[in-house]
Each structure stands twice: as structure tokens, then as C-alpha cells.
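Visitor: I have a structure to read and do not know where to begin. Could we take it one feature at a time?

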Amino acid sequence: MTSIIYPTTNLKQVEQLNIVKGEGIYVYDDAGNKYLEGLAGLWCAALGYGNEELIDAITEQLKTLSYSHMFGGRTHKVVIELADKLIEMLPIENGKVFFANSGSEANDSHMKMLRYYFNVTGEPQKHKIIALERAYHGVTLAASALTGLEVMHKHFSLPMDALGILRTDSPHYYRGRQDNESEREFVSRILNKLEELIVKEGPETIAAFIAEPVGGASGVVIPPDSYFPEVETLLTKYDIMMWSDEVICGFGRTGNDFGCQTMGFKPQLISLAKQLSSAYLPISASVIPDYMYEAMVEPSAEAGVFGHGYTYTGHPAACAAALKTLEIYQRDKLFDHAREVGVHMQQRLAEFADHPLVGEVRGRGLIAAVELVANKKTGESFESGAVGAYAKQAAQDNGLLIRAVAGNSIAFCPPLIITKEQIDEMIEKFDTALQQTLDHVTREGLLKS
Ligand SMILES: Cc1ncc(COP(=O)(O)O)c(C=O)c1O
């Protein structure tokens with residue numbers, strides 16, 4: 001019996017795979033089996049495994065200054081360089097960066113800073129946050145309340161009302177459309193509902209609207225092109241901040257530097273993690289506009305401190321990992337590479353569109369999903385996520401690690417360094433797994449027509 005509580009795991013099915021080594025885009029298990037990392041770990045290992053430059057940068061930093069905290073205004077060189085570098089790269093002018101260790105903490109910190117800001121600027125009622133159905137924003141108490149997945153809520157009694165979480169439709173046309181609704185009509189309907197929600201709750205009570213530009217764990221949801229620009233117009237009208245959770249989409253993942261650029265909007269708040277350090281060490285960032293920061297300065301002095309911070313905020317080794325990661329992204333033009341090979345991946349995955357099990361193939365850049373359905377004609381879903389789980393296991397047995405998310409959507413999000421040939425290898429392995437899954441559902445009589 002293990003002494004570990006496994007994260008995001010069916011606790012009756014632990015210790016499924018023991019990974020012992022990683023090299024480039026491949027990992028190896030304790031039996032010597034080789035796997036292509038089709039999801040870059042958990043959407044994060046952008047530069048793959050065993051990158052010597054990154055290992056050297058981290059080692060060097062550990063030798064020079066293995067740790068320094070940042071409380072009471074203490075600072076160090078790499079954290080300053082990293083913040084400056086991020087501000088130079090991000091589509092927010094004059095932003096300010098707060099560092100933490102995980103995407104959940106970045107989102108949690110944003111929620112606290114929003115509350116702080118509106119409290120000290122005389123709008124203490126402006127605390128509510130609008131989040132999407134099926135969104136994934138992490139698992140701290142506040143972040144899991146922002147998350148809109150049933151399984152992350154069940155049995156946890158999350159304080160939704162106290163945190164002021166409001167929920168609006170996921171912009172997923174394939175799943176959310178009604179009858180013969182066109183994409184245009186779909187966007188118009190869900191945005192009307194969003195406006196009704198804002199008016200009903202009172203815009204003066206709503207601080208921000210959070211969304212991933214492309215929803216990852218929600219099933220790789222690609223919103224219609226007009227969705228985000230129209231949401232932005234609505235939020236401007238009601239003076240609500242736009243908050244982009246770029247924990248997956250940031251750093252070249254969707255074919256542009258940041259996901260908000262791919263989806264055509266300009267956020268005031270940005271959350272970053274994962275590819276920020278290519279997963280070599282844990283680090284995340286919450287980016288806010290400078291006017292928000294300026295408003296917090298005087299009140300923090302009155303209170304004594306800005307009372308938020310982690311032991312490992314701006315950890316030197318994590319900052320060194322992130323700085324080197326960003327340097328490699330820029331030097332090797334990896335975002336351009338990701339855009340280019342991303343086109344190839346989307347083309348290859350589109351070949352599955354006619355497969356009897358496939359309802360929708362969707363993606364942008366180097367992130368995509370193939371949604372498996374019980375009835376191809378109507379798009380009816382399978383009753384549980386068991387078919388997706390079967391496909392995931394079949395892929396694993398064929399040497400490919402991928403994940404089934406939001407039921408039966410098979411997600412692809414390989415390291416940014418993947419080549420076209422390796423994409424072809426990934427597609428071949430998935431093709432075999434999909435055929436085995438079709439044989440399985442046919443045998444079990446799970447297909448409907
Ligand atoms: C969009 C998004 N936000 C936040 C998080 C939470 O990040 P972490 O697991 O580092 O807390 C994730 C994790 O998958 C994510 O995908």
C-alpha cells in the first residue's frame with residue numbers, strides 16, 4: 001500500500017506507470033519501454049527532457065545562490081531580470097509581475113490582488129469573477145472554484161458564493177450549439193446570456209472575466225473567431241477586467257507568442273506557469289497592469305506590508321530556469337517553429353475527421369483534440385469517459401502518452417521542439433490506438449447510429 005496521495009487520480013488505480021528517464025521528447029518507464037510525450041507531460045515540457053543548457057543554468061544558479069526569499073523587499077539579480085524579460089515579451093504595457101510556484105497559485109494571487117485593488121479603490125463590492133463552464137484554472141481553494149469541472153468540485157464543498165464565482169457558457173460550438181444554430185447565432189446567443197448575467201448581478205459587483213484563450217483540460221476548446229473580441233467589447237462596456245489564463249497557451253503554444261494574440265483580445269491580467277520554465281522547476285507569474293499596482297502601494301504601507309507572498313516567490317533556481325527557457329525560445333525561434341510544425345500537426349490530425357469514432361478534430365498551433373463520440377451523425381457523447389480512457393491506454397501500449405480530457409476528447413500538446421517527422425510518428429501511434437478503440441467499442445456495442 002502506497003503512502004502517497006496521488007494527485008488527480010482515481011485512488012483505486014494508483015501507480016500506473018513508473019517513469020524513470022527522459023530524453024528530448026521521449027520518456028522511458030522502469031521496464032525500458034519508450035514513449036513519445038504527446039502532452040509534454042502536463043502541457044508544460046516545451047523544451048523536452050534533459051536539456052543540458054537548462055540543467056547548466058540551474059546548476060550554476062544553485063552554486064551561486066541556492067535560495068533567497070523576497071519578503072521585506074529583499075531581491076536578487078535573476079528575479080529582476082526575469083520580470084523585465086517577461087514585461088518585454090507580454091502583450092501588457094508596463095505590467096507588474098508577482099511570482100509563485102504553480103498555475104493555481106498564480107490564479108489565486110490574481111483573485112486576492114483583485115480584491116485588494118477594489119477594496120482600496122473604494123469598490124469593495126466589486127469581487128465577483130465570471131468563469132466559463134468546464135474551465136480549468138487549477139486546484140487551490142480559489143482556483144478550483146474558478147475551475148468548472150464537476151470532478152474537481154465533488155466532495156470538496158467549495159465556497160463558491162463566498163468567492164463570488166459566476167459561471168457562463170463554454171464557447172464550444174460543437175458541444176454547445178442548439179439545433180441548426182450557425183456559429184454566428186451560437187456566439188450571439190451565449191453573449192446575450194453573458195450580458196444578461198452581468199446586468200442581473202450588477203456590473204459594479206464584477207471584477208473580472210477569466211478564460212483560457214484555448215481551453216486545455218476543458219477538452220481543447222477553440223472558441224469561434226468572433227467570440228473573444230465580442231466578449232472584450234462587452235467587458236469594456238461594463239468596466240470588467242479581462243483576465244487571460246495563459247498557463248497552457250502562453251509561450252508559443254497556439255501559434256503565436258500568447259494565446260490572447262491567437263484569439264484576438266487584449267487582457268489586463270495574465271496568468272503564466274508551465275512553459276514559463278519548460279517544467280524544469282516550478283514557477284508561475286501573475287501579471288497585472290501598473291495602475292493596479294500603484295493603487296496598492298500606499299495601502300500596503302499603511303497596513304505595514306502587502307500581506308501576500310510565498311516562501312519560494314522568485315526562487316533563484318526557478319527564475320534561472322525560466323530566464324534560460326525564454327532565452328532558448330527566442331534564440332532558437334521556437335515559437336516560429338511551433339507555428340510551422342503546428343500546421344503540420346493540425347493537417348495530420350484532420351485526417352481523422354472521417355473516422356467513425358471521431359466527432360470533431362480541433363486545435364490551434366501545437367495544441368489539439370480529437371473528440372470521440374458514440375454517434376458521429378448527431379455528435380452524441382459516450383455515457384462515461386471509459387472510451388477515452390481506453391484510447392489513452394491503447395496509445396500508451398503503442399508508445400504514446402496522451403490524455404483523455406473532459407470525457408472522451410483525446411488531447412495533443414507535444415513539446416514545442418517536436419519535429420515534423422516526430423509528429424508523423426505520433427500520428428501513426430495514435431492511428432493504431434484509434435483502430436484498437438474502434439474494435440473495442442464495436443465489440444462492446446457502444447456505437448450508436
Ligand atoms: C489553464 C490552467 N490554469 C491553471 C492551471 C493550474 O496549474 P498548476 O497545476 O501548476 O497549479 C492549469 C493546470 O493544468 C491550467 O491548465
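Guide: Keep in mind that this is a predicted model. We can begin with the ligand. Helix α4, residues 103–120, contributes three residues to the shell around the ligand, the most of any contributor.

Visitor: Which residues surround the ligand?

Guide: Here a residue is placed around the ligand if one of its heavy atoms lies within 4 Å of it. The surrounding residues are S102, G103, S104, N107, Y136, H137, G138, E212, D245, V247, I248 and K274. Sorted by class, the shell has three nonpolar, six polar and three charged residues.

Visitor: What lies 2.8 Å from an oxygen atom of the ligand?

Guide: A polar side-chain atom of K274 does. The side chain of D245 has an N or O atom 2.8 Å from a nitrogen atom of the ligand. With G103 the backbone is involved: one of its N or O atoms is 2.9 Å from a ligand oxygen.

Visitor: How much of the ligand's accessible area does the protein cover?

Guide: On its own, the ligand has 390 Å² of accessible area, and the protein covers 84% of this.

Visitor: Now the sheet. In what order do its four strands lie?

Guide: The general idea is that side chains alternate between the two faces of the sheet in a regular strand. In this case the order is β11-β12-β15-β14, in an open sheet with antiparallel pairing. β11 (358–364) and β14 (403–405) are the edge strands; each has a single partner, so one side of each lacks a neighbour in the sheet. From one strand to the next, the twist averages 25°.

Visitor: How many bridges are there between β11 and β12?

Guide: Six bridges link β11 and β12, and the pairing is antiparallel. E360 is opposite E371 in β12. The two strands, β11 and β12, make a hairpin with two residues between them, and G365 in the turn has a positive phi of about 55°.

Visitor: And how many bridges join β14 to β15?

Guide: Three bridges join them, again antiparallel, with β15 spanning residues 409–412. R403 is found opposite A411 in β15.

Visitor: Which strands does helix α15 touch?

Guide: Helix α15, residues 386–397, packs on the sheet and touches β12 (367–372), β14 and β15. Its direction is at about 165° to that of β14. Helix α16, residues 420–444, also packs on the sheet, touching β11, β12 and β15. The direction of helix α16 makes about 165° with that of β15.

Terms used
Residues numbered from 1 in each chain as written. Predicted model: local features only at pLDDT ≥ 70, side-chain atom pairs only at ≥ 80, totals over all residues. Heavy atoms only, no water. Polar contact = N/O pair within 3.5 Å; in protein donor to acceptor, adjacent residues only side chain to side chain. Areas by Shrake-Rupley, 256 points an atom, 1.4 Å probe, with all protein chains shown as cover. Nonpolar A, V, L, I, M, F, W, Y, C, P; charged D, E, K, R; others polar. Pairing = 2+ DSSP bridges. Axes fitted to C-alpha atoms, helices over the stretch in contact; angles between N-to-C directions. Contact = heavy atoms within 4.5 Å.
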